[in-house]
Amino acid sequence: MQDKPHLLIVDDEPDIGEFIRNIAVLAGFDAEFIDEASQFEACYHPDTRVVVLDLFMPERDGIELLRVMAELNAKTAIILISGYDKSVLNSARKLAKEQGLFVAGTLAKPFRYDEIELLLNNLALLPLENQSQTGQTRSGAISEQALKNALETDQLVVHFQPQVEFGNGKLAGVEALVRWQHPDHGLLMPGRFIPLAEQSGLIDRLTDVVIEKSLQQLGEWLQQGLRINVAINMPPVSLKNLHFPEYISERINACGLAAEQVTLEVTETTLMQELARSLDILTRIRMKGMSLSIDDFGTGYSSLVQLYRIPFTELKIDLSFVKHAVSDPEALAIVKMTTMLGHELGMSIVAEGVEDQSTWHLLKQLGCDIAQGYYIAKPMPGEKILAWAKTIHAHIS
Ligand code: C2E
Ligand code: CA
Ligand code: CA
């Protein structure tokens, strides 16, 4: 029995196929490359962990192979690549999702070594479904049991990233971002364990921990004379949980805080998945006085009407657009239009991923309201925020 997970690359360009195969081998995969889509059925097994798929191939396109996998009810993680424009990748991703497939990432050619490396390293850590049932995982991989243990022994910590008003440079709030202080592996970023938490159903408990630690921190800041807001990320499951609005509202009251100090962030993609049921829950969250933010805006497919129907108070422009606004006219156009649209609908605009001074100035000029990003500050432990806030003007100019 092969104990390394199987990864299959389908691309008509041998250079690219080999390039990816080498990275996959280093990431710990049993990697196989085929340059003809006609060989797909012969090489693909239902337990293939990852398929890296070029959308454009001469005799059979990638969309056809997606259909083959959908018919097999495949649980394979799929990485889509394309040499054409990004809109094709986005359409293909949407199509795959609608067929119940799991798209772990998209890559536009030419892509960088580190882009594919990061994706493959993360996927190598995901437990296979059949493995998580027996509790076995590859050595070094994060298992469901380890995450459960981390929750029970309080290994999760929350860091906070400042959000600053463009207008006056004041600290408006922070976003709560979870980390795992792992006894052997050090501080793990959420990308390493949130997908596992979501798959295994541990995300509910993880969210409770983040809420509890965030509210407690908010209370401590208040005692120190710092009144700011906290934004908490809502996972997809909480949009199905009809008790969620009451639950969080009760926790806020119990901590002696005001609902106005709490913003809940829902990604645009999550929203689209849970549209029917979420309207009820999101409306009740607003009625209880909390704010609602639509996160990663621009990466999903919400329509104007949907934005209008759901009472969002804030719109966060995805960092992929913010990061390139200075250099890429298309990204700039999206930032401009989104800012106008959000303002027209009465929302406050948060630019996420502000990494340098020129981006700060450009977005300020475009009328964005709040900035978040490495230029202002990286996420930090709660006890560092107060001292940071006192020297805020030294960080922004
Ligand atoms: P997100 O909600 O979009 O959070 C923003 C991410 O962008 C954070 O990554 C943050 O550190 C990073 N970031 C902030 N400023 C910059 C910048 O200027 N440049 C760049 N390149 N990145 C920047 P992080 O902390 O690794 O979190 C990744 C994702 O994990 C989050 O994306 C969110 O989707 C998820 N996540 C984090 N904490 C939680 C949580 O408590 N619950 C849930 N359900 N998801 C969480
Ligand atoms: Ca967020
Ligand atoms: Ca975001």
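**View 1. D295 bridges the calcium ion (ligand 2) and the calcium ion (ligand 3).** In this predicted model, the two ions that share D295 lie 4.0 Å apart. The D295 side chain is tucked away, with a relative accessible area of 5%, so it counts as buried.

**View 2. Here is the calcium ion (ligand 2) with its protein donors, E175, N233, E265 and D295.** If you are setting up the coordination by atom name, look for OE of E175, OD1 of N233, OE of E265 and OD of D295. These donors lie 2.2 to 2.3 Å from the ion. Along the sequence, the donor residues follow the spacing E-x57-N-x31-E-x29-D. Distant parts of the chain are linked here: E175 belongs to strand β7 (residues 171-182) and D295 to strand β11, with their positions 120 residues apart in the numbering. Both E175 and D295 are buried.

**View 3. Next comes the calcium ion (ligand 3), with D295, D296 and E352 as its protein donors.** The donor atoms are OD of D295, OD of D296 and OE of E352, and they lie 2.1 to 2.3 Å from the ion. Their spacing along the chain reads D-D-x55-E. Again, the site joins distant parts of the chain: D295 sits in strand β11 (residues 291-297) and E352 in strand β13 (residues 348-352), 57 residues apart.

**View 4. A closer look at E352 shows a buried donor.** E352 has a relative accessibility of 10%, which is under the 20% cut-off for buried residues. Its OE donates to the calcium ion (ligand 3), the ion that lies 4.0 Å from the calcium ion (ligand 2).

Terms used
Residues are numbered from 1 along each chain as its sequence is written. Chains are lettered from A and ligands numbered from 1 in the order in which they are written. This is a predicted model: local features need pLDDT of at least 70, side-chain atom pairs count only at pLDDT 80 or more; totals for chains, interfaces and linings use all residues. Side-chain values use heavy atoms; hydrogens and water are left out. Donors are N, O and S atoms within 2.8 Å of the metal (3.2 Å for Na, K and Ca); water is not among the atoms, so sites may look incomplete. Helices (H or I, at least four residues) and strands (E, at least two) are DSSP runs, numbered from the N terminus. Buried means under 20% relative accessible area, exposed over 50%, partly exposed in between (1.4 Å probe, protein chains only).
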